[in-house]
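Welcome, and please open your viewer. We will walk from one selection to the next, and at each stop you will hear what is there.

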Amino acid sequence: AGLLVSNRPDRVVGAINGFLAQGYEHKELVIGCHGFDSEVVREQLGSNDIAARVQVLEFPRPWSLGRCLNEAAESTTATLVAKIDDDDYYGPSYLLDAVLAHRYSGAEVVGKGAQFTYVETEDRTVLRRQREQETFLGGSPTGATMLVRRRVWEQVGFPHRPRQVDVLFTRAARHNGSQVYAGSPWEFCYVRSARAHTWTAAAGTFLAGTAELWSGLLPERMVAPDLAKEIAAS
């Protein structure tokens, strides 16, 4: 189950379409409308096949992000829950890549360490945390890429905080005996737009110590061809 908590109604429907376009078949999506009327989303979903695979919840604005994520996780019985953001790029094989990493690593928390990052103010894509791929982590994966075994969430839960939810959750999970694994950098790009973010940091923070890749976003360069073929053949 994807957990998409957002306070930006203008971005939610695009994020829904991106999630449901995932080639991994066994998926559902829980949307948390954080501080806005859920009817905005329901009207755009309509009553088609997409709406049948999406659960829409509404959370008060004063609630923390962590509390919203807990309520979203509580509403599903899925054995794996994935934290999804509304403004990052998820490739068509993103979920398959994450589930495979969970299976072959045996880790109960997986995500991206090395990550493609598009910095909008500079109009360029870089690779951050280059060495943190296909390895166990002592820190936290990128929050927007966390795939968590349900029993771990049941044990530690997301902290009732407005930010650093991923870091604190990972720390608690590790303290409780869970391993954390960083998979491949493929199928995802963290988009650092010029608009407001929960994590306030200058663009230079996302460029320091990175590998320069290309100008622009170019999501097609982040897709893992072998995974795409595996989906097509299934």
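Which of the 32 residues in the largest nonpolar core touch the most other members? Keep in mind while you look that this is a predicted model.

**Stop 1: the largest nonpolar core**

Select Ile16, Ile31, Val41 and Val54: these are the residues that touch the most other members of this 32-residue core. Now colour the elements that give two or more residues to the core: helix H1 (9-20), strand E2 (29-34), helix H2 (39-45), strand E3 (54-59), strand E4 (80-84), helix H5 (94-105) and strand E12 (188-192). Of these, H5 gives the most, with six residues.

Next, centre the view on isoleucine 31. Leaving aside neighbours within four places in sequence, what is isoleucine 31 in contact with? Show Leu4, Val12, Ile16, Val41, Val54, Gln55, Val56 and Leu57, and you have the list of its contacts.

Apart from this core lies another one, made of 22 residues. To find that other core, select Val30, Phe59, Val81 and Trp153, which are among its members.

**Stop 2: a pocket**

Let us turn to empty space. Rolling a probe the size of a water molecule over the atoms shows where such space is left.

Select Ala1, Tyr24, His26, Ala78 and Leu80. Among the 14 residues that line the second largest pocket, these lie nearest its centre. The pocket holds about 190 Å³ of space. E4 and H5 each supply at least two residues of its lining. Try colouring the lining by class: nine residues are nonpolar, three are polar and two are charged.

**Stop 3: the cavity**

How many cavities of 30 Å³ or more does a search of the whole structure find? The search finds one, and the volume of this largest cavity is about 70 Å³.

To see what surrounds the cavity, select Tyr94, Asp97, Ala98, Ala101, Val110, Gly111, Lys112, Thr145, Gly183 and Ser184, which line it. H5 and strand E6 (109-111) each supply at least two of the lining residues. H5 gives the most here, with four residues. By class, the cavity lining has four nonpolar, four polar and two charged residues.

**Stop 4: salt bridges**

Side chains of opposite charge can pair when their charged atoms come close. In this model the count comes to nine salt bridges, and we will visit some of them.

Begin with aspartate 87 and arginine 11, whose closest N and O atoms are 3.5 Å apart in a salt bridge. Aspartate 87 lies in the loop between E4 and strand E5 (89-90) and arginine 11 in helix H1, so this pair ties together parts that are 76 residues apart in sequence. Are the two partners buried or exposed? Aspartate 87 is buried, at 13% relative accessibility, and arginine 11 is buried too, with a relative accessible area of 16%. Now add Arg8 and Asp86 to your selection: together with Arg11 and Asp87 they are linked in a network of salt bridges.

Move on to helix H6 (residues 150-156). There glutamate 154 forms a salt bridge with arginine 150, with the closest N and O atoms 3.1 Å apart. The two residues are four apart in that helix, about one turn. Switch on the surface to compare the partners: glutamate 154 is exposed, with a relative accessible area of 52%, whereas arginine 150 counts as buried at 13%.

Your next pair is glutamate 132 and arginine 129, which form a salt bridge with their closest N and O atoms 2.7 Å apart. Glutamate 132 is partly exposed, with a relative accessible area of 28%, and arginine 129 is partly exposed at 27%.

**Stop 5: the backbone**

Stay with arginine 129, in the loop between strand E8 (124-128) and strand E9 (135-136), and look at its backbone. Most residues other than glycine have a negative phi. What is the phi of arginine 129 near? The value is near 50 degrees, which is positive in a residue other than glycine.

Finish at glutamine 164, in the loop between H6 and helix H7 (165-175). Here phi is near 60 degrees, again a positive value in a residue other than glycine. With the surface still on, you will find glutamine 164 partly exposed, at 46% relative accessibility.

Definitions and conventions:
Residues are numbered from 1 along each chain as its sequence is written. This is a predicted model: local features need pLDDT of at least 70, side-chain atom pairs count only at pLDDT 80 or more; totals for chains, interfaces and linings use all residues. Side-chain values use heavy atoms; hydrogens and water are left out. A nonpolar core is a set of buried Ala, Val, Leu, Ile, Met, Phe, Trp, Tyr and Cys residues joined through side-chain atoms within 4.5 Å. Buried means under 20% relative accessible area, exposed over 50%, partly exposed in between (1.4 Å probe, protein chains only). Contact means heavy atoms within 4.5 Å. On a 1 Å grid over the protein atoms alone, a cavity is a set of points where a 1.4 Å probe fits but cannot get out, and a pocket is an open set with protein on both sides within 12 Å along at least five of seven lines; lining residues have an atom within 4 Å of a point. Grid points are joined across faces, edges and corners, and a volume is the space filled by probe spheres set on the points. Ala, Val, Leu, Ile, Met, Phe, Trp, Tyr, Cys and Pro count as nonpolar, Asp, Glu, Lys and Arg as charged, and the others, Gly among them, as polar. A salt bridge is a side-chain nitrogen of Lys or Arg within 4 Å of a carboxyl oxygen of Asp or Glu.
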